[in-house]
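Here is a short report on one model. Look over the sequence and the fold before reading on.

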Amino acid sequence: MKYNKFGKTGWSVSEISLGTWQVGGGWGNLFDKKLANQIIHAAIDQGINFIDTADVYDNGLSEAAVGKAIRESLERIFVATKCGRQIQPHVSEGYTPKNLRAFVEASLKNTGLEAIDLIQLHCPPTNVYGRNEIFELFEKLKEEGKILAMGVSVETVDEALAAMKYDIVSSIQVIFNMFRIKPSETLFSHPDIENFGIIARVPLASGLLTGRLTLDTVFSKEDHRQFNRKGEAFDKGETFSGVDYKKGLLAVEELKEIFRGNESLASWAIRWILMFPQVSTVIPGASKIDQVLSNVKASNLQEISSKEMEAVKNIYDKYFKADIHHLW
């Protein structure tokens with residue numbers, strides 16, 4: 001495993017980490033505490049030292065599982081959780097210092113940790129990024145020792161740029177993958193980018209970039225890939241990175257031609273993200289131990305050639321740029 005500096009925090013984090021949206025459950029499945037514990041420990045055994053969760057993942061069960069595994073481990077593991085999505089309706093007015101403080105206190109209790117390493121706003125409404133009192137709260141929480149650092153998980157590049165104006169913000173979590181390359185052309189060129197830990201989320205475009213989905217794939221009614229393709233429940237960019245499913249499948253077939261060989265397309269998709277030095281860590285999810293092992297393999301793949309990188313960009317331009325580039 002390779003490790004990168006995590007912005008102004010000075011932390012050294014594994015370039016491949018673990019996202020826990022699906023760990024032990026997710027997408028309509030019942031939560032399996034034993035499996036979640038096994039997956040998290042397997043990740044730690046592979047050298048992963050950064051784990052991303054949220055208070056709303058499986059109604060707090062994911063967060064609790066992360067806390068339990070961390071308390072059982074002798075390694076220094078950085079825990080990143082998120083808050084804000086419990087606010088319903090999910091509007092700027094619901095984001096108050098009182099509400100957010102309560103969420104942080106609840107996460108501390110749920111994880112059983114003395115302090116949260118990284119607390120992140122969980123894709124708040126755009127107006128929140130202009131409210132000084134929200135960010136001042138996290139300054140206070142840091143002074144109180146309840147958090148060590150604060151970051152934001154964003155939907156758009158413009159939201160990331162707005163958040164970076166606050167001194168308390170140490171990290172940006174953004175959707176970045178072969179089907180969502182805009183951050184590399186905008187966010188990554190920010191003059192102060194080295195001061196921020198960049199967390200690449202949805203690296204496999206909700207499974208499209210595994211190369212295993214087809215037109216015949218059936219998703220359960222509880223799976224967002226079934227019910228949120230047009231943004232019916234939350235930002236459509238969270239589902240398949242906002243791309244049209246059929247176009248995504250066509251693009252995947254072309255990607256398979258570029259990355260022929262024994263390694264999976266999923267591994268190459270993660271390796272592609274690691275070609276960008278601005279990225280501190282990638283957080284693919286895992287619902288099985290084998291997926292953790294597969295994700296970690298990407299760290300040891302050879303560099304992708306400039307010709308192959310250009311070919312990926314050409315596929316993006318061909319299938320997706322006109323539809324999604326301006327949206328996020």
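What follows covers the sheet, one residue at its edge, and two helices.

This is a predicted model. Its open sheet holds 8 strands in the order 3-4-5-6-7-8-9-10, with parallel pairing. Strand 3 (18-19) and strand 10 are the edge strands, and each pairs on one side only. Strand 10 runs parallel to strand 9 (residues 197-201), and 2 bridges join them. Ile 199 has Thr 281 in strand 10 as its bridge partner. Helix 3 packs on the sheet and touches strand 5, strand 6 (116-122) and strand 7 (147-153). The direction of helix 3 makes about 135° with that of strand 6.

Now the edge residue. Thr 281 belongs to strand 10 (residues 281-282). Its relative accessible area is 0%, under the 20% cut-off, so Thr 281 counts as buried. A polar atom of the Thr 281 side chain lies 2.7 Å from the backbone oxygen of Ser 14. Beyond neighbours within four places in sequence, the contacts of Thr 281 include Val 13, Ser 14, Phe 50 and Ile 198.

Next, helix 2. The helix spans residues 61-72, and its length can be checked against 1.5 Å a residue.

| Helix 2 item | Value |
|---|---|
| Residues | 12 residues |
| Expected span | 16 Å |
| Distance between end C-alpha atoms | 17 Å |

The distance agrees with the expected span. Buried residues in helix 2 are Ser 62, Glu 63, Ala 65, Val 66, Gly 67, Ala 69 and Ile 70. Their cover includes helix 1 (33-45), strand 4 (50-52), strand 5 (78-83) and helix 3 (97-111).

Methods: Residues are numbered from 1 along each chain as its sequence is written. This is a predicted model: local features need pLDDT of at least 70, side-chain atom pairs count only at pLDDT 80 or more; totals for chains, interfaces and linings use all residues. Side-chain values use heavy atoms; hydrogens and water are left out. Helices (H or I, at least four residues) and strands (E, at least two) are DSSP runs, numbered from the N terminus. The expected span of a helix is 1.5 Å times one less than its number of residues. Buried means under 20% relative accessible area, exposed over 50%, partly exposed in between (1.4 Å probe, protein chains only). Contact means heavy atoms within 4.5 Å. A polar contact is a pair of N or O atoms within 3.5 Å; within protein, one must be able to donate a hydrogen and the other to accept it, and residues adjacent in sequence count only if both atoms are side-chain atoms. Two strands pair if DSSP finds at least two bridges between them. Axes are lines fitted to C-alpha atoms, for helices over the stretch in contact, and angles run from 0 to 180 degrees between N-to-C directions.
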